[in-house]
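Dear colleague,

I am handing over the structure we spoke about, and below it I have written out what was found. Please keep it open beside you as you read.

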Amino acid sequence: MSDPFANRGNRDASVVNPRPAGTAEGNHHSGPTRPGHSGDPFLIGEGMRGGYGKADILNGCTLAVEKGQIAVIVGPNGAGKSTAMKAIFGMLNLREGSVRLDGQDISALNPQDRVKAGMGFVPQVANVFPTMTVEENLEMGAYLRGDDFRETMQQVYELFPAVADKRRQNAGELSGGQRQQVAVGRALMTRPKLLMLDEPTAGVSPIVMDELFDRIIEIARTGISILMVEQNAKQALEIADIGYVLVQGANRYTGTGAQLMADPEVRRTFLGG
Ligand SMILES: Nc1ncnc2c1ncn2[C@@H]1O[C@H](COP(=O)(O)OP(=O)(O)OP(=O)(O)O)[C@@H](O)[C@H]1O
Ligand SMILES: [Mg+2]
């Protein structure tokens with residue numbers, strides 16, 4: 001794949017990265033990384049524009065999160081929240097904008113190489129293999145790792161004891177909340193620096209939601225950045241270091257979770273009063 005950003009900005013990375021696009025090791029096609037901008041947040045998807053066909057879904061939206069912090073994206077159905085997550089993970093070709101992680105411009109990397117660069121992604125749908133056991137799901141999460149992943153698996157089981165008890169059961173037999181735990185656990189198996197979660201509490205009870213949010217806070221405290229889309233906007237903003245209200249693929253409001261919760265306009269329009 002050619003680098004769609006090659007002609008924009010001062011991005012001549014040949015000095016620091018002489019490897020031309022398309023010659024990365026392996027037979028998958030992924031471009032080179034380039035240096036990020038100084039003063040970048042840990043992760044930033046900046047000025048993202050693009051969609052699935054002719055019409056853009058993302059209209060210049062910017063999402064960022066610092067190390068060990070929790071960023072929450074809220075907004076109406078169809079606002080482009082999942083599309084923005086896919087763009088950051090490299091599942092969508094951006095027409096404009098860039099994605100930078102930990103000091104590197106990773107805009108030209110495919111999803112697999114973004115995982116290697118430190119991203120873990122739990123998509124909104126189909127985020128576990130239902131006919132595989134819990135343990136097999138976690139093993140699948142580790143497939144890019146060549147080293148011994150048993151310790152990481154143990155850590156996942158300590159974080160989610162309920163799924164540890166069901167490690168030999170098929171993921172499809174678990175409750176919705178436990179399936180989401182497996183999905184998060186699977187993403188943790190690559191030891192990501194950034195964990196992206198698209199509606200991790202969809203379809204779970206309020207108690208299970210609180211429990212999952214507690215685990216997400218625990219994960220962030222280990223230094224992992226969290227970028228999370230949530231329908232349970234109030235509860236999610238309560239644990240957010242930074243919150244984004246996305247409307248029609250663009251940033252409508254940005255602030256700390258507390259600022260957004262205190263904004264009457266945000267409350268009335270997006271948080272149900
Ligand atoms: N694979 C696709 N092909 C074409 N259009 C798509 C595709 N996925 C999403 N869209 C469209 O892009 C727009 C944004 O969808 P997206 O799933 O990103 O919204 P969202 O904010 O995540 O919504 P929700 O809250 O319902 O999850 C919608 O109009 C949707 O119909
Ligand atoms: Mg969505």
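In this predicted model, a good place to begin is the hairpin of β5 and β6, which has two residues between its strands, and where D102 takes a positive phi near 50 degrees. The two strands of that hairpin, β5 and β6 (residues 104–105), pair in the antiparallel sense over two bridges, and R100 has D105 in β6 as its bridge partner. Strand β5 also pairs with strand β2 (residues 43–50), again in the antiparallel sense, this time over five bridges, and here E46 is matched with S98 in β5. Five of the six residues of β5 (residues 96–101) are buried, so this strand is largely enclosed by the rest of the structure.

The next element to look at is helix α6 (residues 176–188), whose 13 residues reach 19 Å from the first C-alpha to the last, close to the 18 Å expected at 1.5 Å a residue. Twelve of the 13 residues of α6 are buried, so the helix is largely enclosed by the rest of the structure; among them are G177, V182, R186 and L188. What covers the buried residues of α6 includes α3 (134–141), α4 (150–159) and α7 (206–221), together with strands such as β7 (119–122) and β8 (194–198).

Finally, please look at ligand 1, which is surrounded by residues including Y52, I57, K81, T83 and Q124. The shell around ligand 1 divides into three nonpolar residues, seven polar ones and one charged one.

With best wishes

Conventions:
Residues numbered from 1 in each chain as written. Chains lettered and ligands numbered in written order. Predicted model: local features only at pLDDT ≥ 70, side-chain atom pairs only at ≥ 80, totals over all residues. Near = placed C-beta within 6 Å. Nonpolar A, V, L, I, M, F, W, Y, C, P; charged D, E, K, R; others polar. Buried ≥ 20, exposed ≤ 12 C-beta atoms within 10 Å, placed from the backbone. Helix = DSSP H or I, 4+ residues; strand = E, 2+ residues; numbered from the N terminus. Pairing = 2+ DSSP bridges. Expected span 1.5 Å × (residues − 1). Contact = placed C-beta atoms within 7 Å.
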